[in-house]
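Dear colleague,

I am passing on the structure we spoke about, with the sequence alongside, so that you can look through both before reading my notes below.

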Amino acid sequence: MKLNGKVAVVTGASSGMGRSIALLYAKEGASVIVVARRKEKLDEIVEISKDYNGTIIAMQGDVSKKEDNEKMIDLAIEKFGKIDILVNNAGIMDEMMPVGEVEDELWESVMNVNLNGPFYACRKAVNLMIQQGGGNIINVGSIGGLNGCRAGVSYTASKYELLGLTKNIGFMYADKGIRCNVICPGGVDSEIGVGISHPSQFGFSRVKLGMESVPRSGSPEEIATIALFLASDDSSLINGAEIVADAGWTAF
């Protein structure tokens with residue numbers, strides 16, 4: 001078991017990549033705090049994991065709120081005495097809005113989930129990891145944070161900033177035994193697009209120009225194996241890096 005005895009916190013764990021990451025971590029022996037807004041989905045994960053090597057504990061929370069990001073780290077300490085792994089997976093899309101159409105409410109909503117949440121969680125976790133002598137942070141970004149038009153301006157900006165947050169943490173705390181990396185998926189079968197209800201016609205028309213070059217979508221399980229690799233000692237030399245997982249989309 002690659003994560004035997006490790007303690008992890010995974011956000012956005014009710015479905016998709018977060019769910020797959022949490023379940024794989026538990027299979028590999030980790031004790032996992034799963035965080036999301038939908039309690040019934042979290043309860044399903046707890047039930048599924050009962051026969052696994054590790055343990056899963058659910059916490060209903062909203063990562064757009066500073067207090068919930070701090071509470072989930074506190075819960076890991078309360079239940080298991082430490083935090084070894086933090087996975088900031090939760091994220092939302094942005095209606096494909098270009099900058100001229102974005103209203104303040106949408107901008108702030110996307111930033112609160114995609115950037116501010118990970119910032120608050122990382123800040124809390126890093127200070128505990130320093131005391132412990134090490135730790136591991138994995139942010140789930142996007143190829144939208146490496147390119148200009150895989151989404152609207154809010155999502156794109158949030159994922160670029162998440163990449164910068166990752167690299168800064170990775171170098172700043174490298175001599176403290178703390179690693180921080182970001183996974184940048186392309187298209188993945190998940191629920192992140194469910195929240196798109198009124199996409200910008202202009203913005204979507206620009207984004208879809210590059211969609212025909214997508215080789216295929218990935219599965220949440222494929223991303224989970226990358227998250228396992230980054231959380232384990234197998235990736236001990238990898239720090240401050242972006243791991244692209246897009247089936248070759250950005251190679252075009």
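Just after helix α1, Gly29 takes a positive phi of about 100 degrees; please bear in mind, here and throughout, that this is a predicted model. The helix that precedes this glycine, α1, covers residues 16–27, and its twelve residues should span 16 Å at 1.5 Å a residue, which agrees with the 17 Å that separates its end C-alpha atoms. Because ten of the twelve residues of α1 are buried, the helix is largely enclosed by the rest of the structure. Among those buried residues are Met17, Ile21, Leu23, Leu24 and Tyr25, and the list also includes Gly16, Gly18 and Ser20.

Next come the salt bridges, of which a search of the whole structure finds seven; I describe some of them here. The side chains of Asp234 and Lys2 meet in one, with N and O 2.7 Å apart. Asp234 lies in the loop between α7 (220–231) and β7 (242–245), whereas Lys2 belongs to the segment before β1 (7–11), so this pair ties together parts that are 232 residues apart in sequence. Lys2 has a relative accessible area of 43% and is therefore partly exposed.

A second salt bridge joins Lys39 to Asp43, and the closest N and O atoms of that pair are 2.9 Å apart. Here both partners lie in helix α2 (residues 39–48), four residues apart, which is about one turn of the helix. In general, an α-helix has 3.6 residues a turn, so residues three or four places apart point the same way. Lys39 counts as partly exposed at 43% relative accessibility, and Asp43 is likewise partly exposed, with a relative accessible area of 35%.

Another salt bridge is formed by Lys82 and Asp84, with 3.2 Å between the closest N and O atoms. Are the two partners buried or partly exposed? Lys82, with a relative accessible area of 27%, is partly exposed, while Asp84, at 11% relative accessibility, counts as buried, since buried means under 20%.

Turning to charge at the surface, you will find a negative patch that is formed by Glu103, Asp104, Glu105 and Glu108. Of these residues, Glu103 is found in the loop between β4 (85–88) and α4 (104–132), and because its relative accessibility is 59%, above the 50% that the word requires, Glu103 counts as exposed.

Two further residues may help you to find your way around the model. Glu70 has its place in helix α3 (residues 66–80) and counts as partly exposed at 24% relative accessibility. Measuring from C-alpha to C-alpha, Glu70 and Ala36 are 14 Å apart in space, with their positions 34 residues apart in sequence. Gly210, for its part, is found in the loop between α6 (201–207) and α7, where it is partly exposed, with a relative accessible area of 29%. The C-alpha atoms of Gly210 and Arg150 are separated by 8.0 Å, although the two residues are 60 residues apart along the chain.

With kind regards

Key: Residues numbered from 1 in each chain as written. Predicted model: local features only at pLDDT ≥ 70, side-chain atom pairs only at ≥ 80, totals over all residues. Heavy atoms only, no water. Patch = residues over 30% accessible without salt bridge, like charges linked within 9 Å, V, L, I, M, F, W, Y side chains within 5 Å. Areas by Shrake-Rupley, 256 points an atom, 1.4 Å probe, with all protein chains shown as cover. Salt bridge = Lys/Arg side-chain N within 4 Å of Asp/Glu carboxyl O. Lys, Arg positive; Asp, Glu negative; His and termini not counted. Charge placed at Lys NZ, Arg CZ, Asp CG, Glu CD. Helix = DSSP H or I, 4+ residues; strand = E, 2+ residues; numbered from the N terminus. Buried < 20%, exposed > 50% of the residue type's maximum accessible area, 1.4 Å probe, protein only. Expected span 1.5 Å × (residues − 1).
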